[in-house]
Amino acid sequence: QNAKRIAYAPSIARNDLPPQFKSKYINWLKQYQHLSIREKSGQQIIESLLDLKIPVVLDPTFLLSPDEWEKQMSNINESGKFILCFTLSNNNLIEYAYQLSQEAQLPLVIISTYNIYKIKGAITILNAGPSELISYIYKAEMVLTDSFHGTALSIQLAKNFFSYKQKNKNNVPDISDRVQTIINLFNLNKHIITDYQKSYETLSRIQYDRYKLDKQIEVEREKSQNYLKHSLAF
């Protein structure tokens, strides 16, 4: 009860909070001396509950520099160019990635944790650890993902990437705002896809300036580090 409580970049992962939970959240959140959040919708929810200004900070993965990430990478078998699809359970995204790999005449690597869906001719990896995952993201010619951390790590490490966002459905909470928040922060909206229509040639023309993006990340990283330093000091 006497410990200092600091919340660094938690996520509510939805755009509303059911009324029956609001009083509980208020009581729980008041126990924290310092609060932050990782997505805009979560910021709006917490600020409305507590009538306080809550900062949006970067996911913890952004607190490492590219050099620090490279030290964590492992040796992987893929030495040539390839396309990576990192998904939790989206078979349609896997099919689309395979279509792109056929157009580009590049091998397809699929990394998934829950999905046993396999495509003949693709390399499917079901047991990649963190060091393997970041190595594949770093070395891929293009990354396709529907994962928040797949998106976050691609922003930091990938040559090029596209994050799939499902179109919002009526009466279904939008759980993608934490992805959209970092996409907006780094002006990467062209790297969001909502269907499976674009060709590899079209996608490959959508590029970002890696040097400029790294500079933007540095600026935002410092803001997030300052939040932590301030929280620890007071």
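Good morning. I begin with a pair of charged residues: the side chains of Lys215 and Glu218 meet in a salt bridge, with 3.9 Å from N to O. Please keep in mind that the model before you is a predicted one.

Where do Lys215 and Glu218 stand relative to one another in helix 9? They are three residues apart in that helix, so about one helical turn separates them. As for their surroundings, Lys215 counts as partly exposed because its relative accessibility is 36%. Glu218 also counts as partly exposed, because its value is 40%. As a general point, side chains of opposite charge can pair when their charged atoms come close.

Helix 9 holds another such pair. Lys223 and Glu220 form a salt bridge at 3.3 Å, N to O, and these two residues are likewise three places apart, about one turn of the helix. Is Glu220 buried or exposed? The cut-off for buried is under 20% relative accessible area; Glu220 has 17% relative accessibility and therefore counts as buried.

How many salt bridges does a search of the whole structure find? The search finds six. One of them joins Asp59 and Arg38, whose closest N and O atoms are 3.0 Å apart. Asp59 belongs to the loop between helix 2 (40–50) and helix 3 (66–72), whereas Arg38 belongs to the loop between helix 1 (19–29) and helix 2, so this pair ties together parts that are 21 residues apart in sequence. Both Asp59 and Arg38 are buried.

I turn now to the nonpolar residues. In soluble globular proteins, nonpolar side chains tend to be buried together. Here, the largest nonpolar core has 37 residues, and the members that touch the most others are Leu84 and Ile155. Several elements each supply at least two residues of this core: strand 1 (83–86), strand 2 (108–111), helix 5 (130–139), helix 6 (148–157), helix 7 (177–185) and helix 9 (210–233). Which of the helices gives the most to this core? Helix 6 does, with five residues.

Let us look at Leu84 in more detail. Setting aside neighbours within four places in sequence, Leu84 is in contact with Val109, Ile111, Tyr136, Ile137, Ala140, Met142, Val143 and Leu144. Apart from the largest core lies another, of 21 residues, including Ile83, Tyr96, Leu144 and Tyr200.

To close, I return to helix 9: this helix supplies at least two residues of the largest core, and Lys215 and Glu218, with which I began, lie in helix 9 as well. Thank you for your attention.

Note on methods: Residues are numbered from 1 along each chain as its sequence is written. This is a predicted model: local features need pLDDT of at least 70, side-chain atom pairs count only at pLDDT 80 or more; totals for chains, interfaces and linings use all residues. Side-chain values use heavy atoms; hydrogens and water are left out. A nonpolar core is a set of buried Ala, Val, Leu, Ile, Met, Phe, Trp, Tyr and Cys residues joined through side-chain atoms within 4.5 Å. Buried means under 20% relative accessible area, exposed over 50%, partly exposed in between (1.4 Å probe, protein chains only). Helices (H or I, at least four residues) and strands (E, at least two) are DSSP runs, numbered from the N terminus. Contact means heavy atoms within 4.5 Å. A salt bridge is a side-chain nitrogen of Lys or Arg within 4 Å of a carboxyl oxygen of Asp or Glu.
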